[in-house]
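Please look through the sequence and the model below before reading on. The report then takes up the annotated domain, the contact between chains and the nonpolar cores.

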Amino acid sequence: MKRLSRYRRHRAAGPFLLVVALLAIGTTFNVASATVAQSPNSFARTSAIEEGRQIFLKGCSSCHGLNAEGGAIAPSLIGVGAASVDFQVGTGRMPMADMSTQAMRKAPVYNAEETAALAAYVASLAPGPAIPTDAVLNYERDGSTAEGGELFRNNCAMCHNFAGQGGALTQGKYAPTLMGVEPKYIYEALITGPQSMPVFSDKTITPAEKLSLIKWIKSAENEPNLGGATMGRIGPVTEGLLAWVLGIGLLIGIAVWLTTKAR
Amino acid sequence: MTTAEKRLGNAANFVDERIGAAGWVKKSLNKVFPDHWSFMLGEVCMYSFVILLLSGTFLTLWFDPSQRDVIYEGVYEPLKGIKMSAAYASTLDISFEVRGGLLMRQIHHWAANIFMAAIVAHLLRVFFTGAFRKPREFNWILGILLLTLGFVEGLFGYSLPDDLLSGTGLRITSAIIQAIPLVGTYISFFLFGGAFPGVGFLPRIFTLHVLLIPGAFLAVITIHVMLVWYQKHTQFPGPGRTEKNVVGHPILPVYMAKAGGFFFIVFGVIAFLSAVASINPIWLYGPYTPGQISAGSQPDWYMGWLDGLVRMAPPWETHAFGHTVSWNILIPALIVPGILFTGMAFYPFIESWITGDKREHHLLDRPRNVPNRTALGVMSITFVIVALINGGNDILATNFHLSINQIMWFSRIGIFVLPPLAFVITKRLCLSLQRADRDLVLHGLETGRLVRMPSGEFVEIHEPISPQKRFVLTSHEQAPALELSATDARGVKRPGAIKNKVRARLSKAHAVGLPKVTSEDLKEIEHH
């Protein structure tokens, strides 16, 4: 006690106490807020939305507007739903690398948690299509390959090519390849219609049919190359190239060899 | 004489007494063929045709050319239970259930692609070396006929499996037929047996594809080869080779052994391609229904340039007296190819009219020595390649991240600009090559050996080229341009003055070339 009273009127006592007090408040707040984040239910959703809003303000608002209302170069995100955000951010299309014709698939900038937070924030603005759950996406059980193929040729092949390899659209835009795309993202693309793609609502293609589509795309992806090297599954262009380069090339080479030996 | 020889002799005598062709065979077996790799391109065509006949016959044993609907119940899971035509279902069966069927299908299709490519390569060889000149004009026209038959036969073969790609091709075919003014719609109705896709077209083109056109092919190929046989093969210039002889190997044994062996090599290359590379995987395309189409639908390469011309055509249409004239299809798909093929068929006569050369030619030209013709050839190739690029515009756009519209505009402008540019560049290149030949004859080969003279001067030693080579470089003739004055000897204006003027202009352009080295030039250089 003696020591304490001795320093009671020390010059540094005031500032020291201030630092201790600040530390105490800070620690208390930290512990308190951590407890809040760990607790589930509506409280958690609110905080995810808040976290998503923070990420949105930092990473997205410069184009999509401070309240996601859209701007001259980017559309409004009010009502696009969680599925849209999950597709665009999860496949790395958003944030865009550059303002060229079309956002392309790349390594995602945000991790799964951040993407979920962003999705929660955008979904909180207005109702929209939700992210399909794993239970919904059981295409192996609920889909039919043959039906999916028929649906694919009717609705998708005109842009994505007969084997889902992708194809050209106007002015440098394109329908990307579907090989290696996760079932969840295929489903989300169907219900949200990203970029040039139309929306295939549940009335146009029922959820069961969507699963058939996914099943067919996965079967095309895993199909062995029955006839030998496929050269990209893009039809006669590469076949013609091979006929000229390898076929005629080889035959001319042999003809030269045959006639040279004779001399 | 041994017993074996006696027995063989007796057998041969037995046959000859009844057929009497011994004299002809003896003469024919002594026939001589010149040796050059480019002379074997025609053989590639013939051998791949034989392979097409054999593999095609195999396919007909299982193929059902009917358009009746069936439900697929075969082994290919992704199409099970789908409604399709019997033609498509039987093609699936050939691919998956007939032993060796897929390999045979691939052999048939690769052989077709190589057949057409070899025809084009053969045609280019004949064109660039001037082998079409008198007396071989008819054979040139027969060759053009074979090429045209090949387009039709290839298109029909592409259409027969009735997959999504086949049907798309037929849709365009029907559009082209309908674009013929006045009668187009009627012809289309007759051919398809009603509105597209009809029910009768596949069985009809099947008969044409396996019977009529191969028959026509066989007949024309026979005449084509018989004419070569009768008129004898052309040869490149060289010492001892004249317009009156043929230098080379007799049919037996060397040429026969080589040609026979080459058949198996062609078969081998095609079988190799078919074993390692997939072609026309119809099970991926799915059955044809008019409501469906795939991105990147393409014809086989030999039709690709026509498709490219159609793709670059602006959307022009005229409506008059209740009729529609679709210039956007009529011009690129019928008028332009019509002009090209007619021009190509008559080119031998056009050239001889320009040069006024009515003599027989059995010695070939080196392409550089006829710059105008060579440039014309390269110009035509450039035209077709620009069209072909536009035919694959969607594939190029996706694979090289380009804009399909940019490719279209490149081709629209390029189709007019690039061929003339190619003409000018090729002509200059030919003249430069002539200059190089002239240098070689006059100064010999640069040896790279530097010698220091006693005076301190450095000179490079040039070695004179061999007399054989000098002969090859200087033996070609250089015909002067035609002198066609507008008036006759009495100063009276000739009829057809404009025609003569055009002819003189063309003749002048055709005769452009560096004067070849004469013996005076050589003597003069020896004095130095």
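## Domain, interface and cores

In this predicted model, residues 143-221 of chain A form a stretch that is 51% helix and 5% strand, with its end C-alpha atoms 16 Å apart. This stretch and residues 47-126 of chain A are both covered by the annotation "domain: Cytochrome c", which comes from an unreviewed UniProt entry. The two stretches are set side by side in the table.

| Stretch of chain A | Helix | Strand | Distance between end C-alpha atoms |
|---|---|---|---|
| Residues 47-126 | 51% | 0% | 17 Å |
| Residues 143-221 | 51% | 5% | 16 Å |

Turning to the contact between chains, 52 residues of chain A are in contact with 57 residues of chain B. On the side of chain A that touches chain B, at least two residues each are supplied by several elements, including the helices α8 (145-155) and α11 (207-222) and the strands β1 (167-168) and β2 (174-175). The most comes from α12(A), which gives 18 residues to this side. Sorted by class, the side of chain A that touches chain B has 29 nonpolar, 19 polar and four charged residues.

The largest nonpolar core has 136 residues, and among those with the most contacts inside it are A119(A), V122(A), F115(B) and I270(B). Helix α5 (residues 101-128) of chain B contributes the largest share of this core, 16 residues. Leaving aside residues up to four places away in sequence, I270(B) touches S48(B), I51(B), I107(B), W110(B), A111(B) and I114(B). A second, separate core of six residues includes A375(B), L376(B), V378(B) and A422(B).

Technical notes
Residues are numbered from 1 along each chain as its sequence is written. Chains are lettered from A and ligands numbered from 1 in the order in which they are written. This is a predicted model: local features need pLDDT of at least 70, side-chain atom pairs count only at pLDDT 80 or more; totals for chains, interfaces and linings use all residues. UniProt positions are given in the numbering used here, feature names are shortened, and annotations may be inferred rather than shown by experiment. Helices (H or I, at least four residues) and strands (E, at least two) are DSSP runs, numbered from the N terminus. Two residues are in contact if their C-beta atoms, placed from the backbone, lie within 7 Å. Ala, Val, Leu, Ile, Met, Phe, Trp, Tyr, Cys and Pro count as nonpolar, Asp, Glu, Lys and Arg as charged, and the others, Gly among them, as polar. A nonpolar core is a set of buried Ala, Val, Leu, Ile, Met, Phe, Trp, Tyr and Cys residues joined through C-beta atoms within 7 Å. A residue is buried if 20 or more other C-beta atoms lie within 10 Å of its own, exposed if 12 or fewer, and partly exposed in between; C-beta atoms are placed from the backbone.
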